[in-house]
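Welcome! Here are some short exercises to try with the model open beside you, each followed by a worked solution.

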Amino acid sequence: MNPLAFFREHDGGPLRFALGALVMALVVAQTSAGGPVKTIIAVALIIGVPVMALRLYAAGPAFCLVAALGAWIVFRPTFEAGAGALPVQLAWRLAYIAVPALVLGMALAERDRERLRLGPLHLYGPAVVMALAAIVHLFAREPTAAHEAEINQPLAIYSLCYTALIAVAVVLRLQQAPQTAARKEAATLAQGEALEEQGRHALASRAYEREGRMDRAADTAERAGDWARAARLNKVNGEDFRAGEMYSRAQMWKEALECYERSRSFAAAARVCLQIGDVDGAADILEKAGDRAGAVRLLEEAGRTPTSEQYMKAGMAARAAAVHEQVGAFARAADVYEHKLNDQARAAELHLKAGGFLKAGRLLESLGRKQEALEAYSAVPEGAVDAARMYLAAGQPDRAAQMLSRLPPEQLAQLEDEATLAIVASVMLDSGRNDEAVRILQGLKRRGSASGVVRLLLGRAFLNTGLVELAEEELRAAADMPLEPADEMRAGYLLGCLLETRGKLDEALRAFHEIMQKDLHYMDVQARYVRLKSRAAQSTG
């Protein structure tokens, strides 16, 4: 018998329920130490097992066999416990008698029954007679060990007879099994193929399924238009995508979605989500599959506006920036234009809209739009230093000092960045606030963060106060450190002028000569060099 036919879908539910109830009852009986519980369970099994077997159809004999074996084990009398209550003893005897007859009925093939001319009366009649005799003996006996042993010999003879019959049935089945299987397979295949040739695809599908030919069963079910059945059979075959297609045709969307996701057919899964109105679910599936552009297209086709993050993931930076602008997130839009689209001008405009004047000023300055950058820096106190730097570079130290004056003293005292402090000190020097500049610059030097610019500014400050020795020390140090070309020229020129003043003509000539090699027309270096050269010649003459 084919297991697929034996446990048909409409029998599966009752069979599982019956087996579960049986196991639970036997476990309770085994764990209970006698008493009324075990007696009640024994009575329930004596009545319930035959009733349930009639409702299980083909699976009835197998269920009865399992129940009989379980009852024989659980209710078997032991030396310690002695004989149990009357229903318990009856359940054990009936189970003992039923097992051989049931095994024989399942082992003997239908063909062998016909050949041996054995009917139900021959198979089960002796068991019924033996059961009636056991019942009569149970009620008629006296409760002594001698009377209890009287039934053991007939039971042993009964068991031996059925054991011999079972052995014969097994031998016959083994002899006939290959021929029977071949005939059955040929007949069934012929039936399935014949039904398929006749166009009776639904019946052909069932014929193929009975013999486990699920691929043919699925194909014929699909031709018959039985989409749900075709889907189930394809799912059994591991063809998840085809199962999803069949479930879709049957409009069983949940099952279709599950099959599509299992087969990693994300586009089809997204289509199912759209079919049931779950647009967000469809987009999520495509995003998880890595098709972010497809997720965006799907949302747009559904009349939904994707989020800026979804546009960014899909590589659509311009659309992401547009979404940020629509919702008023100008700073985020500016960041996208600046870092993703490399549109500095548009980024500056949006930073201005968002109130990010410092960022806007730096972008405008990098674009060469200095006046607009100055206006952006001047719009907030935090931009005062940058505005002062720009004014200083433009040769307007008064305006630079004016911008720095807008900084509160406490904020000025909190500045720690060397480059910012160097700008502040430079503005102070150019605006005559020499002592404040020296305090800032020497503070940087004490911290060990004095760069060439700081040493240059210190040299200028000492020159302004007439401290020529200190000025020479700082300018020599600055000239030996890395500097921007303009600062390098200025450090060399100031050092040359200082050396000339201090009468160190040869060193001054070398300093001016180095500057002339880089820029012949730098300030009055050429005239100073000629004058020093003449003085040197006169002194040697």
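**Exercise 1.** Find out whether Lys38 is buried or exposed, and which residues surround it.

*Solution.* Start with the accessible area: Lys38 has a relative value of 17%. Buried means under 20%, so Lys38 is buried. Next, place the residue: Lys38 belongs to helix 3, which covers residues 35–55. Finally, look for partners, leaving out residues up to four places away in sequence: Lys38 touches Ala29, Ser32, Val74, Phe75 and Val88. Keep in mind that this is a predicted model.

**Exercise 2.** Describe the protein chain as a whole: its helices and strands, its buried share and its surface.

*Solution.* Count the elements to begin with: the protein chain has 33 helices and 0 strands. Then turn to burial: of its 541 residues, 40% are buried. For the surface, about 29,900 Å² is exposed, and carbon and sulfur atoms supply 57% of that area. Last come the contacts with a separation of 6 or more: residues 24 or more positions apart account for 42% of them.

**Exercise 3.** Work out how the buried and exposed residues are arranged around helix 23.

*Solution.* List the buried residues of helix 23 (residues 370–378): they are Ala373, Leu374, Ala376 and Tyr377. These residues cover an arc of only 165° around the axis, so they sit on the same side of helix 23. Now check the other side, where Gln371 and Glu375 are exposed. A general rule helps here: an α-helix has 3.6 residues a turn, so residues three or four places apart point the same way.

**Exercise 4.** Check the length of helix 27 against what is expected, then see how covered this helix is.

*Solution.* Helix 27 runs over residues 418–430, which is 13 residues. At 1.5 Å a residue it should span 18 Å, and its end C-alpha atoms are 18 Å apart, so the two values agree. As for cover, 10 of the 13 residues in helix 27 are buried. Among them are Leu421, Ile423, Val424, Val427 and Met428. Step just past the end of helix 27 and you meet Gly432, with a positive phi of about 85°.

**Exercise 5.** Which residues touch the most other members of the largest nonpolar core, and what does Phe512 contact?

*Solution.* The largest nonpolar core has 63 residues, and Tyr493, Phe512 and Val525 touch the most other members. Take Phe512 and set aside its neighbours within four places in sequence: its contacts include Tyr493, Cys497, Val525 and Leu532. Cys497 is itself buried, at 13% relative accessible area. Another cysteine, Cys259, is buried too, at 0% relative accessibility. As a last check, look for disulfides: the structure holds 0.

**Exercise 6.** Locate Gln251 and Asn342, and examine the phi of each.

*Solution.* First, the general background: most residues other than glycine have a negative phi. Gln251 is not a glycine, yet its phi is positive, about 60°. Gln251 is in the loop between helix 13 (240–249) and helix 14 (253–262). With 57% relative accessibility, Gln251 counts as exposed.

Now repeat the steps for Asn342, which has a positive phi near 55° and is likewise a residue other than glycine. Asn342 is in the loop between helix 20 (330–339) and helix 21 (344–354). At 59% relative accessibility, Asn342 counts as exposed.

Note on methods:
Residues are numbered from 1 along each chain as its sequence is written. This is a predicted model: local features need pLDDT of at least 70, side-chain atom pairs count only at pLDDT 80 or more; totals for chains, interfaces and linings use all residues. Side-chain values use heavy atoms; hydrogens and water are left out. Buried means under 20% relative accessible area, exposed over 50%, partly exposed in between (1.4 Å probe, protein chains only). Helices (H or I, at least four residues) and strands (E, at least two) are DSSP runs, numbered from the N terminus. The arc is that of the directions from the helix axis to the C-beta atoms. A disulfide is a pair of cysteine sulfur atoms within 2.5 Å. A nonpolar core is a set of buried Ala, Val, Leu, Ile, Met, Phe, Trp, Tyr and Cys residues joined through side-chain atoms within 4.5 Å. Contact means heavy atoms within 4.5 Å. Accessible areas come from the Shrake-Rupley method with a 1.4 Å probe; for residues, only the protein chains shown count as cover. The expected span of a helix is 1.5 Å times one less than its number of residues.
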